[in-house]
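Let's take a walk through a few parts of this protein, with helices up front and one strand residue to finish. Have the structure open as you read.

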Amino acid sequence: MIQWEPLNMLMEEAMPPRFSFFIKLMTFTTLISTIPLLCLGMYAFFQSTSTVQNKVNEANVFILQQSQSRVEQILKLIDQVSGRYADTPFVANAIAKRLEIEDFQDIDSLVKGLLGVQTYELGVKDVELHSRNDWYIKDGGFYFGTAVAKEAASLNSAYNSRWVPNVDQAFAGIKLVKTIPSTAAEPKGYLTVRVSNTELAKLLTGGFSTRETMVVDDKMNIIIHSNAVRIGQSVLAEPWSKELQATGSTQGYINSTSMGIPYSVSYNQSRYNNWIYVSVIPIEEARKESASIGWATLTACLLLLLFTALLSYWGSMRMSFPMRRLMEFTMRHSKLSIGGGAEAKDEWQWIGSQFASLHQSKEQLENQMKIQSGQLIDYFMLKLFQGELYRSELEEKASQFQLPVWRRYAVLVLQIDTLEQTRYKASEQDLLLFAINNIAAELIPPPQRIHAMLVGNYQVTLVGSSEEDHRALLGELSSLAESVQRAVDEFLGLKASIGISRPYELMYATPQALLEAKEALQYRIRLGEKAILHLDDLLPQQASRHYYPHHLVSELTQAIALLDKERACELLQQIIQEVIRVETDPNLYRMSFAMLLTDLARVMYDMGDTGELFSQEHRNEYEQLFSLKTTQEVEGWFKTQIIHPMIELTRKRHDSSGKSISRSVMDLIHDNYDSDLTLDHCAMRMNYSTHYIRRMFRKETGMNFSDYLAGFRHDMAKSWLSGTEMKITEVAERLQYTNEQNFIRHFRKLEGMTPGQYREQKVKEQ
């Protein structure tokens with residue numbers, strides 16, 4: 001312990017004063033937070049009264065606009081509903097004639113129409129229909145006579161459609177008057193719709209905090225008011241009414257005084273009917289709110305000052321404590337960097353000296369990392385394959401890692417064809433690719449193998465060659481690919497395909513070569529598994545064209561409908577062979593297979609599929625199809641995932657619904673072949689239309705009804721001729737031939753001999 005005491009004393013002398021950085025930090029943070037906060041609080045305190053007053057006025061105008069929008073929306077909706085009713089030809093014709101009691105059906109239709117206009121949800125109280133032909137409808141009843149005064153006032157005051165005040169002892173509100181017809185110079189009648197002031201006042205004051213809200217017309221008479229007593233009164237006596245008329249603006253707010261009390265009046269003039277929406281609020285309330293906001297702001301500022309002081313103290317402690325710990329840690333494990341025992345001014349100076357030492361350590365570490373450059377080469381090659389290197393950077397790195405220089409380069413991309421029917425699982429694919437990468441690295445020795453690595457689901461190898469002859473170079477690359485492919489099959493038992501890019505001279509073209517090799521792998525869909533694919537040998541000689549065997553697809557759907565699994569599988573194989581037969585872009589092959597999947601899905605939809613096969617809960621069938629690599633996988637997938645399930649589903653539906661249409665028709669033929677049986681008779685007995693029976697029988701059997709009936713009768717004729725002693729005349733008569741000669745002629749056409757010759761031949765054979 002004695003030998004460490006001089007060093008510890010030297011360390012303590014060199015350390016900066018305790019808490020020096022903490023004190024500086026706390027002082028700075030306190031000042032930088034206090035001064036702006038005080039200025040902001042003072043500004044907010046003195047500006048709150050005027051600012052809040054303006055905001056309150058603007059808010060009142062906004063709320064007034066919302067209230068106006070609600071009211072006008074209801075009025076427009078009522079106007080539209082009543083207009084549609086009044087403009088109907090039936091109402092226009094009825095209003096123009098004199099109705100009698102005998103016209104009760106027309107009267108009932110008019111009353112029902114009025115009930116449709118009288119929507120209580122919109123606040124409509126009652127609807128009346130008046131005609132100048134001495135009748136009117138009111139409260140659901142039909143009356144004779146004319147309310148002369150009401151008619152004159154309505155027809156003279158309403159141009160076509162107009163909202164007017166309506167004030168009487170029994171009702172307070174507004175009413176809509178619409179002339180019928182609306183375009184006639186002399187209307188034959190009119191429709192009135194009355195809306196209660198109570199309902200409109202609810203819409204006008206909904207969410208409104210003012211003392212008084214109202215709606216006045218262009219003559220400054222109150223139309224709508226929260227107090228029904230004031231409806232119809234004039235506001236010209238109010239001091240603010242003259243100022244309102246003198247503003248010349250359609251919306252805004254003004255300050256006025258009534259009986260010594262200042263008020264803020266917000267107003268907004270409607271373009272719909274020139275009504276003015278007015279709200280009146282005492283200014284004193286806004287000022288009280290402004291004062292309370294000002295005091296609240298001052299209180300908040302004081303609290304924030306206290307909080308920032310505490311936060312500055314806490315934050316400074318937290319920020320300086322790790323720095324102090326770091327400084328003490330470096331003092332215990334580092335050499336003293338300030339020579340001569342000089343005292344550091346603060347913690348920053350001490351840590352700066354440690355950074356200088358760290359920089360020296362960094363340079364030493366970089367020298368050591370040059371020895372371990374394997375991982376750096378992997379990272380460099382990954383960036384090269386992905387095309388993330390500039391030409392200058394590529395040349396610099398290639399020189400740094402001493403990559404071999406060749407006359408030609410090429411990229412070999414290997415991918416596992418399938419893991420099905422192998423001992424491996426899909427989750428082991430990454431480990432298998434790692435093993436394949438090791439195999440490729442061993443079989444292609446450096447310097448010909450520039451680098452081998454994994455990129456996604458591919459094993460990628462960059463190779464070089466000094467061969468100048470193109471054909472010889474392709475043979476060399478194919479030989480390398482075959483050796484890797486055989487080793488993968490021998491040691492891992494896997495089928496793998498390898499795509500080979502076009503040879504290139506500049507390493508800068510490596511990203512494009514990788515894409516070419518991947519593109520070559522796509523041609524496995526035509527060439528099958530365990531393929532070695534050169535892109536130049538695979539590209540079609542002419543422009544890509546698309547071929548789709550519609551006739552084979554039609555036969556495939558018929559085989560599925562007839563539950564012929566063997567035939568369906570044969571047709572599927574023919575379809576795939578026909579598609580692949582045309583040399584074209586692999587994407588067009590996938591397009592053809594997608595069209596086949598779409599046609600099969602359409603067949604299931606036409607058969608009434610409800611999602612049992614093509615369900616949204618399963619992985620998208622098109623994604624599965626596009627992920628397949630070879631035609632064998634495509635054929636197996638269509639069989640197991642689509643065709644076999646479709647056949648089973650069709651069989652289940654046939655079993656659940658009884659015999660199919662064609663089977664039922666066949667049974668009728670088998671039972672009634674010796675009668676005058678027609679397709680019409682079959683349709684009548686099966687309760688189907690003749691056209692439907694003909695189409696379904698043709699679709700399910702591939703032949704016409706008459707052909708099948710004739711063929712069955714011919715089979716029965718051969719059976720009777722070879723197994724019975726029936727005369728040819730009896731056979732012809734029983735099989736519904738008009739005469740014996742027609743039967744003999746038809747039999748000779750099919751069998752190449754007469755019925756008698758056929759019977760003699762069968763007797764000899766027996």
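How far apart are the end C-alpha atoms of helix H12 (residues 429-443), and what should its 15 residues span at 1.5 Å a residue?

## Helix H12

Bear in mind that this is a predicted model. In it, the end C-alpha atoms of H12 sit 21 Å apart, and that agrees with the 21 Å its 15 residues should span at 1.5 Å each.

Now for the sides of H12. Leu432, Leu433, Ile436, Asn437, Ile439 and Ala440 are its buried residues. Look down the axis and they fall within an arc of 165°, so they line one face of the helix. Asp430, Leu431 and Glu442 are exposed on the other side. As for partners, the buried residues of H12 pack against strands S12 (408-416), S13 (449-455) and S14, plus helix H13 (470-492).

## Helix H4

H4 (residues 104-117) passes the length check too: 14 residues at 1.5 Å each should give 20 Å, and its end C-alpha atoms are 20 Å apart. Buried here are Ile107, Leu110, Val111, Gly113, Leu114 and Val117. They cover an arc of only 160° around the axis, which puts them on the same side of H4. Flip to the other side and you'll find Phe104, Gln105, Lys112 and Leu115 exposed.

## Thr461 in strand S14

Thr461 belongs to strand S14 (residues 458-465). Is Thr461 buried or exposed? It's buried, because its relative accessible area is 2%, and the cut-off for buried is under 20%.

The side chain of Thr461 makes a 2.9 Å polar contact with that of Gln459. Beyond its neighbours within four places in sequence, Thr461 is in contact with several residues, including Ala410, Leu412, Ala440, Ile444 and His451. One of these, Ala440, is among the buried residues of H12.

Notes: Residues numbered from 1 in each chain as written. Predicted model: local features only at pLDDT ≥ 70, side-chain atom pairs only at ≥ 80, totals over all residues. Heavy atoms only, no water. Helix = DSSP H or I, 4+ residues; strand = E, 2+ residues; numbered from the N terminus. Buried < 20%, exposed > 50% of the residue type's maximum accessible area, 1.4 Å probe, protein only. Polar contact = N/O pair within 3.5 Å; in protein donor to acceptor, adjacent residues only side chain to side chain. Contact = heavy atoms within 4.5 Å. Expected span 1.5 Å × (residues − 1). Arc of directions from axis to C-beta.
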